[in-house]
Amino acid sequence: MDQQLARFKALTDCNAPSGFEGPMTRLMKSYLEPVADDIIQDNTGSIFGRKKGTGKHAVMLAGHLDEIGFMVTAITDDGFIKFTNLGYWWANVMLSQKVTITGSRGAVRGVIGGKPPHVLGVQEKEQAASVPNMFIDIGVDSKAEVLATGIRIGDAVTPYSEFEVMTNPDYLLAKAWDNRFGCALAVEALETYSNEEITVVAGAVTQEETMSRGAKTAAHTVKPSLAIALDVGLCTKTPGMSGSTKMGDGPIVVLIDAWHISHPSFRRFVTDVAEKHDIKVQFDYLTGGYTDAGNIAQSLDGIPALSIGVPTRYIHSNVSMMNRRDYNGALELVNAVLAELTDDRVDQIIEQTYEHLS
């Protein structure tokens with residue numbers, strides 16, 4: 001396994017749902033410290049490495065540390081564990097899936113259960129795949145046995161799925177590409193960054209999956225001139241889907257989402273850079289989702305922002321699939337954008353007077 005794959009595995013295997021990002025904060029710090037001039041961290045756990053330039057402007061590269069997960073809300077006398085969502089789940093993908101509960105004595109494996117379909121009436125079947133009717137089974141018979149494992153109400157629960165290289169080795173399966181993709185890219189972009197004029201601040205924020213809360217505090221802490229949210233997009237080239245985003249066809253530039261219209265001048269610059277460097281890109285829009293670009297753009301006096309991602313299958317479930325070529329294409333695009341920026345061009349983007357690359 002090469003260094004990039006090993007990092008992918010470490011990042012996606014890490015258990016850190018929204019509000020419980022500590023393990024990811026520590027892991028990202030171990031990657032960022034050796035390549036950064038200094039580390040910036042806010043009180044929620046958002047973390048960035050900074051390489052200082054000689055100019056006046058800074059660019060923020062923001063993945064997000066958290067993954068979707070659950071929180072323990074009750075333990076029954078018979079040893080079953082009730083829970084609530086951390087982030088949006090489609091309930092139909094949850095039943096019979098393995099999970100990891102992180103208690104005070106370490107990780108405990110469980111499985112999400114519910115009433116079997118054999119005993120459900122017609123109306124019950126419609127409600128069976130809903131969180132109030134589900135529970136987690138760790139294979140015990142009593143509340144006392146659950147408590148003996150160190151599990152308590154309020155503990156974090158994450159999906160369990162091992163990192164795997166698929167039949168086509170460019171296709172990679174893991175539990176948390178949303179959004180360990182962006183974390184990996186932020187680290188790798190910082191490692192290779194060499195623009196002496198523009199400061200780059202690369203890392204990841206907390207609690208994106210729960211209303212993008214960490215983006216607000218991170219933007220206030222970093223105070224960038226421009227920002228790129230690094231997050232996954234939807235692969236729409238699968239049966240039953242409509243759209244044009246396909247795995248293997250390159251990174252996505254997001255035009256608009258439920259919270260944010262990508263900054264038009266910044267987007268024009270990014271697409272000009274892609275054309276100049278012959279980097280294939282795709283475009284997408286999201287009517288029912290968001291990225292951290294929205295809250296970053298609304299911070300301070302307004303920060304020009306957009307999102308760059310990769311088409312991904314099966315996000316917000318126990319597994320997701322990404323194409324390595326798309327990841328490397330996104331990295332190439334981000335690196336090219338950073339290399340082409342100058343203080344004057346950042347001024348033009350902010351003032352919306354940018355026209356074209358000279």
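Which residue in E9 is the bridge partner of Phe70? In this predicted model, the bridge partner of Phe70 is Val157, and the pairing to which these residues lead is described first below.

## Strands E4, E5 and E9

Strand E4, which covers residues 69-75, pairs with E9 in the antiparallel sense over 2 bridges, and Phe70 facing Val157 is a bridge between them. Strand E4 also pairs with strand E5, residues 80-86, again in the antiparallel sense and here over 6 bridges, with Gly69 having Leu86 in E5 as its bridge partner. The strands E4 and E5 form a hairpin with 4 residues between them, and in the turn Gly79 has a positive phi of about 90°.

Strand E9, residues 156-159, is preceded by a loop that begins after helix H4 (143-148), and Gly150 has its place in that loop. With a relative accessibility of 2%, Gly150 counts as buried, because the cut-off for burial is under 20%. Gly150 and Tyr285 are separated by 135 residues in sequence, and their C-alpha atoms are 44 Å apart in space.

## Strands E11 and E19

Strand E11 (residues 171-174) and strand E19 run antiparallel and are joined by 4 bridges, with Leu172 standing opposite Met322 in E19. In general, the side chains of a regular strand alternate between the two faces of the sheet. In strand E19, which spans residues 320-323, Ser320 and Met322 point one way while Met321 and Asn323 point the other way, and all of these residues are buried.

## Aromatic pairs around Phe8

The structure holds 9 aromatic pairs. One of them is formed by Phe8 and Trp177, which meet edge-to-face with 5.3 Å from centre to centre and 85° between the planes. This pair links distant parts of the chain, since Phe8 belongs to helix H1 (residues 3-13) and Trp177 to helix H5 (residues 177-192), with their positions 169 residues apart in sequence. Both Phe8 and Trp177 are buried.

Phe8 also forms an aromatic pair with Tyr327, likewise edge-to-face, with 4.8 Å centre to centre and 85° between the planes. Because Phe8 lies in helix H1 and Tyr327 in helix H9 (residues 324-340), the pair ties together parts that are 319 residues apart in sequence. The relative accessible area is 1% for Phe8, which is therefore buried, and 0% for Tyr327, which is therefore buried as well. Ring pairs join Phe8, Tyr327 and Trp177 with Phe163 and Phe181 into a cluster.

## Charged groups over rings

Two arginine side chains can be described by their position relative to a tyrosine ring. The charged end of Arg7 sits over the ring of Tyr31, at 4.9 Å from the ring centre, whereas the charged end of Arg109 sits over the ring of Tyr160, at 3.7 Å from the ring centre.

## The enclosed cavity

The model contains 1 cavity of 30 Å³ or more, and the volume of the largest cavity is about 70 Å³. The largest cavity is lined by 13 residues, of which Ile68, Lys175, Asp178, His316 and Ser317 are the closest to its centre. By class, the lining of the largest cavity divides into 7 nonpolar, 3 polar and 3 charged residues.

## The pockets

The largest pocket has a volume of about 740 Å³ and a lining of 28 residues, among which Leu234, Leu286, Gly288, Gly289 and Ile315 lie nearest its centre. Strand E14 (233-234) and strand E16 (282-285) are the elements that give two or more residues to this lining, and the largest share, 3 residues, comes from E16. The lining of the largest pocket is made up of 10 nonpolar, 13 polar and 5 charged residues.

The second largest pocket has a volume of about 160 Å³, and the residues that line it are Leu234, Cys235, Thr238, Met241, Thr312, Arg313, Tyr314 and Ile315. By class, this second lining has 5 nonpolar, 2 polar and 1 charged residues. Leu234 and Ile315 appear in the lining of the largest pocket and also in that of the second largest pocket.

Definitions and conventions: Residues are numbered from 1 along each chain as its sequence is written. This is a predicted model: local features need pLDDT of at least 70, side-chain atom pairs count only at pLDDT 80 or more; totals for chains, interfaces and linings use all residues. Side-chain values use heavy atoms; hydrogens and water are left out. Rings of Phe, Tyr and Trp (its six-membered ring) pair if their centres lie within 6.5 Å; planes under 30 degrees apart count as stacked, over 60 as edge-to-face and the rest as tilted. Buried means under 20% relative accessible area, exposed over 50%, partly exposed in between (1.4 Å probe, protein chains only). A charge sits over a ring if NZ of Lys or CZ of Arg is within 6 Å of the ring centre and within 35 degrees of the ring normal. On a 1 Å grid over the protein atoms alone, a cavity is a set of points where a 1.4 Å probe fits but cannot get out, and a pocket is an open set with protein on both sides within 12 Å along at least five of seven lines; lining residues have an atom within 4 Å of a point. Grid points are joined across faces, edges and corners, and a volume is the space filled by probe spheres set on the points. Ala, Val, Leu, Ile, Met, Phe, Trp, Tyr, Cys and Pro count as nonpolar, Asp, Glu, Lys and Arg as charged, and the others, Gly among them, as polar. Two strands pair if DSSP finds at least two bridges between them.
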